Amino acid sequence: MDLDNLIAKFSNSTENQSKAIFSTLFIAGNKLQTLFDNRIPKVSLKQFMLLSIIKQSKEQLTFTQLGNLLGCSRQNIKKLADALMKKGFITIQPSPQDARAMCICPTEKVNDFYSNDFSEYQQDLKYLFEIYTDKEIETLFILLSRLYTGIENLEKKGTNKKIKKS
């Protein structure tokens, strides 16, 4: 089955379109991770995303806060942070607000990376989105932003009812 046939198969109802959107998000995430992991030799895409959030933040963020922002566990952030610390991109320090919590702080190597290496990856992002008009990008941004509300609804449902695994 090719992509055109698959799209046609799932375009006949809102329920099928919802299933296709969910599958597309998963597949697109995997494809982007594979593409960028192969293009960025110094860090993985997940490490890159963590560095991006740390660089953009005006305050030091804890592992838990970073996990919430990236949609993963505190333990996953710790694993990413350990790898980035070994590469010299970050230091790990106690939180100024809570000595029991640990924060991730960027080193000068992060600034060097974004100043010297990042422009190449910005070009890849431009290439990824060049097929869209400005209006389409705006619409996609709004719709993906609304997806977070749907995820929050699902999270709330999950706290009330455990999802049964088979």
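In the predicted model, lysine 19 has a relative accessible area of 43% and is therefore classed as partly exposed, since this value falls between the 20% limit for buried residues and the 50% limit for exposed ones. The side chain of lysine 19 meets that of glutamate 15 in a salt bridge, with an N to O distance of 3.5 Å. Both glutamate 15 and lysine 19 belong to helix α2, where they are four residues apart, or about one turn of the helix. Glutamate 15, at 55% relative accessibility, counts as exposed because its value is over 50%. Side chains of opposite charge can pair in this way when their charged atoms come close.

The pairing of glutamate 15 with lysine 19 belongs to a set of five salt bridges found in a search of the whole structure. Another of these joins aspartate 124 to arginine 39, for which the closest N and O atoms are 3.3 Å apart. This pair links distant parts of the chain, with aspartate 124 placed in helix α7 and arginine 39 in helix α2, at a separation of 85 residues. Arginine 39 has a relative accessibility of 38% and so counts as partly exposed. A further salt bridge is formed by lysine 78 and aspartate 82, whose closest N and O atoms lie 3.1 Å apart; these two residues are both located in helix α5 and are four residues apart, about one turn of the helix. Lysine 78 counts as partly exposed at 34% relative accessibility, and aspartate 82 is likewise assigned to the partly exposed class, at 24%.

Helix α5, which spans residues 74-86, also packs against helix α3, which spans residues 45-56, at an angle of about 90 degrees and with the two axes 10 Å apart. Because angles of 65 to 115 degrees count as roughly perpendicular, α3 and α5 are described as roughly perpendicular to each other. On the α3 side the contact is made by Lys46, Gln47, Leu50 and Leu51, and on the α5 side by Ile77, Leu80, Ala81, Ala83 and Leu84.

Two buried residues were examined individually. Asparagine 16, located in helix α2, has a relative accessible area of 18% and is therefore buried, the limit for this class being under 20%. When residues up to four places away in sequence are not counted, asparagine 16 touches Lys9 and Phe10. Phenylalanine 118 lies in helix α7, which covers residues 118-129, and is buried with a relative accessible area of 15%. With the same exclusion of residues up to four places away in sequence, phenylalanine 118 touches Phe48 and Phe113. The C-alpha atom of phenylalanine 118 is separated by 11 Å from that of valine 43, although these two residues are 75 residues apart along the chain.

On the surface, a nonpolar patch of about 550 Å² is made by Ile21, Leu25, Leu144, Leu147, Tyr148 and Ile151. Helices α2 (14-39) and α8 (134-160) each supply at least two residues of this patch, and the largest share, four residues, comes from α8. One of the patch residues, leucine 147, is placed in helix α8 and counts as partly exposed at 33% relative accessibility. This value is compatible with membership of the patch because the residues that make up patches have over 30% relative accessible area.

For the protein chain as a whole, eight helices and three strands are assigned, and these elements follow the pattern α-α-α-β-α-α-β-β-α-α-α when read along the sequence. Taken along the principal axes, the C-alpha atoms fill a box of roughly 55 × 45 × 30 Å. Of the 166 residues in the protein chain, 20% are buried. The protein chain exposes about 12,800 Å², of which carbon and sulfur atoms supply 57%. Among contacts with a separation of 6 or more, those between residues 24 or more positions apart account for 47%.

Conventions:
Residues numbered from 1 in each chain as written. Predicted model: local features only at pLDDT ≥ 70, side-chain atom pairs only at ≥ 80, totals over all residues. Heavy atoms only, no water. Patch = residues over 30% accessible without salt bridge, like charges linked within 9 Å, V, L, I, M, F, W, Y side chains within 5 Å. Areas by Shrake-Rupley, 256 points an atom, 1.4 Å probe, with all protein chains shown as cover. Salt bridge = Lys/Arg side-chain N within 4 Å of Asp/Glu carboxyl O. Buried < 20%, exposed > 50% of the residue type's maximum accessible area, 1.4 Å probe, protein only. Axes fitted to C-alpha atoms, helices over the stretch in contact; angles between N-to-C directions. Parallel < 35°, antiparallel > 145°, perpendicular 65-115°, else oblique. Contact = heavy atoms within 4.5 Å.
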